[in-house]
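Visitor: Before we begin, please show me the model, and let me ask on what grounds each description rests.

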Amino acid sequence: MTPRQRDDLFARDDAPEKFEFNESVARVFDNMLERSVPFYKECQQMVVSLTATYAQPGTRVYDLGCSTGTLVREMARALSASSDVRFVGIDNSDAMIKKARRKLKEFGGRCEVVAGDLNGPLELADASVVVMNYTLQFLPPAKRQALLKRIHQSLLPGGALILIEKVKAEAETLDPVFVERYYAYKREMGYSRMEISRKREALEQVLVPLRPGENVTILEKAGFRDVDVFFKWFNFCGFVALRRGGSNTRPASGKKRAKARKSR
Ligand SMILES: C[S@@+](CC[C@H](N)C(=O)[O-])C[C@H]1O[C@@H](n2cnc3c(N)ncnc32)[C@H](O)[C@@H]1O
Ligand SMILES: O=C(O)C(=O)C[C@]1(C(=O)O)C=C[C@@H](O)C=C1
């Protein structure tokens, strides 16, 4: 395994003017996320815990915008092979896919990384859980509702969408306060004011956050009925949304699931 590279992308003279998930980002990505996303590891563990609750035997768990495969690895480790669940990471960055496939090689056929554009047609067969962490925010806002609708329609009854996003404050007057707290966090994580400023400019119109309430609205308009927030830190928010399942919205017991699967 190549040594983890420290994120110096915006400290360099050749810092990008527009943020793209290319080779130079993939090279430092794992360190970038650990130092740029508050409670990144804690949120991953919360997502793993929710996935363990809603993943159904004989089905697939999808990670949309899987990047270098870090979350897929955590999920595959947490849900043993006996859980009869397979994991599929989807991304449209060749550089990320290459790193993800290397990271997930140890899991053989349990984990697959597929090239795909979330703005285009999407095949999510046998999906009991779909995860989308820090990804929807990079898609054009006008296309987000249609994607969420496709996810809702693809999910098995009782399935779950787990979504973590960078968000704007609900109250406009609080947004600058939350943003400043976020930049203070980045400085605490060792980024210089110049790096923070350059990255903010590079992300303009590339990362477009909505307010938490706006995310809930597009989830509900996509067909999700049971939607809630499971995590919030100033300008980051985690949502879980359930596809109503048969006679219940809670995962059936193992025997019930096996019986339901046989009747499909
Ligand atoms: C911030 S990263 C996601 C982080 C990752 N989910 C994690 O938790 O470590 C956003 C990812 O979404 C991918 N992405 C952005 N737009 C995409 C699209 N239209 N189709 C597929 N993947 C996309 C990027 O290549 C990148 O890997
Ligand atoms: O908004 C920022 O400044 C960030 O660094 C956040 C964020 C994200 O939320 O995805 C932006 C780009 C990278 O993918 C890593 C982190």
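The exchange below sets values against the definitions behind them.

Guide: This is a predicted model, in which local features need pLDDT of at least 70, side-chain atom pairs count only at pLDDT 80 or more, and totals for chains, interfaces and linings use all residues. Residues are numbered from 1 along each chain as its sequence is written, chains are lettered from A and ligands numbered from 1 in the order in which they are written, and side-chain values use heavy atoms, with hydrogens and water left out.

Visitor: What is the mean pLDDT of the chain?

Guide: The mean is 93, and 92% of the residues reach 70 or more; pLDDT is the predictor's confidence in each residue, from 0 to 100. Over residues 246–252, however, pLDDT stays under 50. For that stretch the model has 10 contacts (heavy atoms within 4.5 Å) beyond four places in sequence. The model scores ipTM 0.98 and pTM 0.93.

Visitor: Which residues come nearest to ligand 1?

Guide: A residue counts as near if one of its heavy atoms lies within 4 Å. Of the 18 residues around ligand 1, the nearest are Tyr-40, Gly-65, Ser-67, Asp-91 and Asn-133. This shell divides into 8 nonpolar, 8 polar and 2 charged residues, where Ala, Val, Leu, Ile, Met, Phe, Trp, Tyr, Cys and Pro count as nonpolar, Asp, Glu, Lys and Arg as charged, and the others, Gly among them, as polar.

Visitor: What makes the approach of Ser-67 to ligand 1 a polar contact?

Guide: A polar contact is a pair of N or O atoms within 3.5 Å. An N or O atom in the side chain of Ser-67 is 2.8 Å from an oxygen atom of ligand 1, so the pair qualifies. A polar side-chain atom of Asn-92 lies 3.2 Å from a nitrogen atom of ligand 1, and a backbone N or O atom of Asn-133 lies 2.8 Å from a nitrogen atom of the ligand. The protein covers 95% of the 610 Å² of accessible area that ligand 1 has on its own, by the Shrake-Rupley method with a 1.4 Å probe.

Visitor: Which residues are closest to ligand 2?

Guide: Of its 16 surrounding residues, the closest are Gln-137, Lys-166, Tyr-182, Lys-186 and Lys-199. Oxygen atoms of ligand 2 are 3.0 Å from a side-chain N or O atom of Gln-137, 3.3 Å from one of Tyr-182 and 2.8 Å from one of Lys-186. Alone, ligand 2 exposes 360 Å², of which the protein buries 98%.

Conventions
Polar contact = N/O pair within 3.5 Å; in protein donor to acceptor, adjacent residues only side chain to side chain.
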